[in-house]
Amino acid sequence: MQLSSYEDLRSQIVSHAITCEEVVRFYLERIDTHGNDNIYITVFHEQALERARTLDRKLSEGGRLGKLFGMPMAIKDNISVKGSRLTCASKILEHYDSLYDATSVQRLEEEDAIFLGKTNMDEFAMGSSNENSAFGNVPNPFDKTRVPGGSSGGSAAAVANGLAMVALGSDTGGSVRQPAGFCDIVGLKPTYGRISRYGLVAFASSFDQIGVLARNCDDAALVLGVMAGKDDRDATSSSHAVSDYFSEMGKVCVEGLKIGVPKEYFPESLNPDVFRIVKGKLSELREQGAELVDITLPDSAYAIAAYYVLVTAEASSNLARFDGARYGYRSVKSEDLAAMYMNSRTEGFGPEVKRRIMLGTYVLSAGYYDTYYKKAQQVRRVFQERYREALEKVDVIAGPTSPFPPFGIGDKTGDPLEMYLADVFTVPASIVGMPAVSVPLGFDNLKLPVGMHLICNFFEEGKLLGIAKQMQRPV
């Protein structure tokens, strides 16, 4: 079954060339074949087939067909689907079933999407390699000795391996974009508040955003348009009007486009192949009529430090609810309440989650709050001002998605600081809350994927995807 895009799939279903059930069976067979790769934590075999049969009946009876009619999708396992496991790839939630649908899930179902299952991830979305999962790591689709990126590594690998047409992920500091770059697909993080976070398990509430992983920009735009919009159940969701993303994408032209190229995104330490491929694409765009504008973002060196102070502080607060008392894993070795709390969290959380809770508790503690947390918030404000100023002069800011191609499994687990640098180029857009996307450019000398990272101004997702479409290597 050759399907280049959802438009192609939809035309075949509507013309009765194939049925929704046939599509779902095709994907489920592929998922079962890749079972040893740990890409899915939970597969909705019966639910997906029943949903497909329902949609087939709807088509035969002449009912309204939703915007995503028959689209087979995967969902990162920190997004709620009623009645299904919601593990966050953690032992502490291994047997927990969600009691309600996330708003994003509800809106996708209303437009006739089909969910195939829940994908693997770094525990509680904390990681850049998918090696922190309690269910085992996910291999990169292009080299099984390497990582797919994280924390949405399972969702990225599902799309890249043809185990879903589109997948949902969550992005806190690059967790959609970085694995997209490592897996040769499109990864979109919209403006903060563009998509409701209701039903997304919180890691760092002022950063978290549901994002889209797809093989092309058209599919990403379609799914974004369905999920976007104000939600009364999420006070941080924006009431900003939802645009016609396809229309906005069509207005983008390379000729006359002003592309901001920060020198800070091309340090001497940048992998040579990444430098060559990204710079090569920028040169191609200049030949096609784009204007490359050298810009400077002098505070970029502080991005990672400020980001990890802020997100660990929020994680420390958000994860306090997982104590073994109300839901999730409870230690059986406890003699009193205090021991139950301590043992449940010690046994239930993995090493990276514990590390971030401890860091967050420290930066929020008396005597250190002003020194670390308050200072990091001030740095965040400076970043917002710098990026606003830069995007008044250019249409988009461009650079590499990651400073290096996919690295080997186990290569960076012993050095957390080195691991954190995998997100050095994606973190700034998360700090300021602007929309950003990773778009596939090509492959290095080892045939490993390299992505381009693009940032636009607030609520310019249509323009951003239009620019990305002009840059994307055909997949």
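The protein chain exposes about 18,400 Å² of surface, and carbon and sulfur atoms supply 50% of that area. These values, like the others in this report, are computed from a predicted model. Of the 475 residues of the chain, 59% count as buried. The C-alpha atoms fill a box of roughly 65 × 55 × 45 Å when the box is taken along the principal axes. A compact globule of 475 residues would have a radius of gyration near 23 Å, and the 21 Å of this chain agrees with that expectation.

The chain holds 16 helices and 11 strands. Among contacts between residues at least 6 apart in sequence, 75% join residues at least 24 apart.

**Helix α5 and its surroundings**

Helix α5, which spans residues 153–160, is mostly covered, since eight of its eight residues are buried. These buried residues are Gly153, Gly154, Ser155, Ala156, Ala157, Ala158, Val159 and Ala160. They pack against the strands β1 (40–43), β2 (72–76), β3 (114–119), β4 (166–171) and β6 (209–214), and also against the helix α6 (177–183).

Two backbone features accompany this helix. In the loop between β3 and α5 lies Ser151, and the peptide bond that leads from Gly150 to Ser151 is cis, with omega near 10°. Just after α5, Gly162 takes a positive phi of about 75°.

**Pocket and cavities**

The largest pocket has a volume of about 310 Å³. Its lining consists of 16 residues, and those that lie nearest the centre of the pocket are Leu86, Tyr100, Leu200, Val201 and Arg321. By class, the lining of this pocket divides into 11 nonpolar residues, three polar residues and two charged residues.

Besides pockets, the model contains enclosed spaces, and the count comes to four cavities of 30 Å³ or more. The largest cavity holds about 60 Å³ of space. Its lining is made up of Gly181, Phe182, Val274, Pro400, Thr401, Ser402, Phe404, Pro405, Pro449, Val450 and Gly451. Helix α6 and strand β11 (449–455) each supply at least two residues of this lining, and β11 gives the most, with three residues. The lining of the largest cavity divides into seven nonpolar and four polar residues, with no charged residue. Helix α6 thus appears in two settings, as a packing partner of the buried residues of α5 and as a contributor to the lining of the largest cavity.

**Individual residues**

The table sets out four residues whose relative accessible area can be read against the cut-offs for burial, where buried means under 20%, exposed means over 50%, and partly exposed lies in between.

| Residue | Location | Relative accessible area | Class |
|---|---|---|---|
| Val261 | strand β7 (residues 258–262) | 7% | buried |
| Thr103 | helix α4 (residues 103–110) | 2% | buried |
| Asn38 | loop between α2 and β1 | 26% | partly exposed |
| His16 | loop between α1 (6–14) and α2 (20–33) | 58% | exposed |

Val261 counts as buried because its relative accessibility is 7%. Leaving aside its neighbours within four places in sequence, Val261 is in contact with Phe266, Lys279, Leu282, Leu292, Val293, Asp294, Ile295 and Ala398. One of these partners, Lys279, is 18 residues from Val261 in sequence, and the two C-alpha atoms are 9.7 Å apart in space.

Thr103, within helix α4, counts as buried because its relative accessibility is 2%. With neighbours within four places in sequence again left aside, Thr103 is in contact with Ser196, Tyr198, Asp231 and Arg233.

The two loop residues in the table carry an unusual backbone sign. His16 has phi near 65°, a positive value in a residue other than glycine, and the place of His16 is in the loop between α1 and α2. Because its relative accessibility is 58%, His16 counts as exposed. Asn38 has phi near 60°, which is likewise a positive value in a residue other than glycine, and the place of Asn38 is in the loop between α2 and β1. With a relative accessible area of 26%, Asn38 is partly exposed.

Methods: Residues numbered from 1 in each chain as written. Predicted model: local features only at pLDDT ≥ 70, side-chain atom pairs only at ≥ 80, totals over all residues. Heavy atoms only, no water. 1 Å grid on protein atoms, 1.4 Å probe; cavity = no way out; pocket = protein on both sides within 12 Å on 5 of 7 lines; lining within 4 Å. Points joined across faces, edges and corners; volume = space filled by probe spheres on them. Nonpolar A, V, L, I, M, F, W, Y, C, P; charged D, E, K, R; others polar. Helix = DSSP H or I, 4+ residues; strand = E, 2+ residues; numbered from the N terminus. Rg over C-alpha atoms; globule rule 2.2 N^0.38 Å. Buried < 20%, exposed > 50% of the residue type's maximum accessible area, 1.4 Å probe, protein only. Contact = heavy atoms within 4.5 Å. Areas by Shrake-Rupley, 256 points an atom, 1.4 Å probe, with all protein chains shown as cover.
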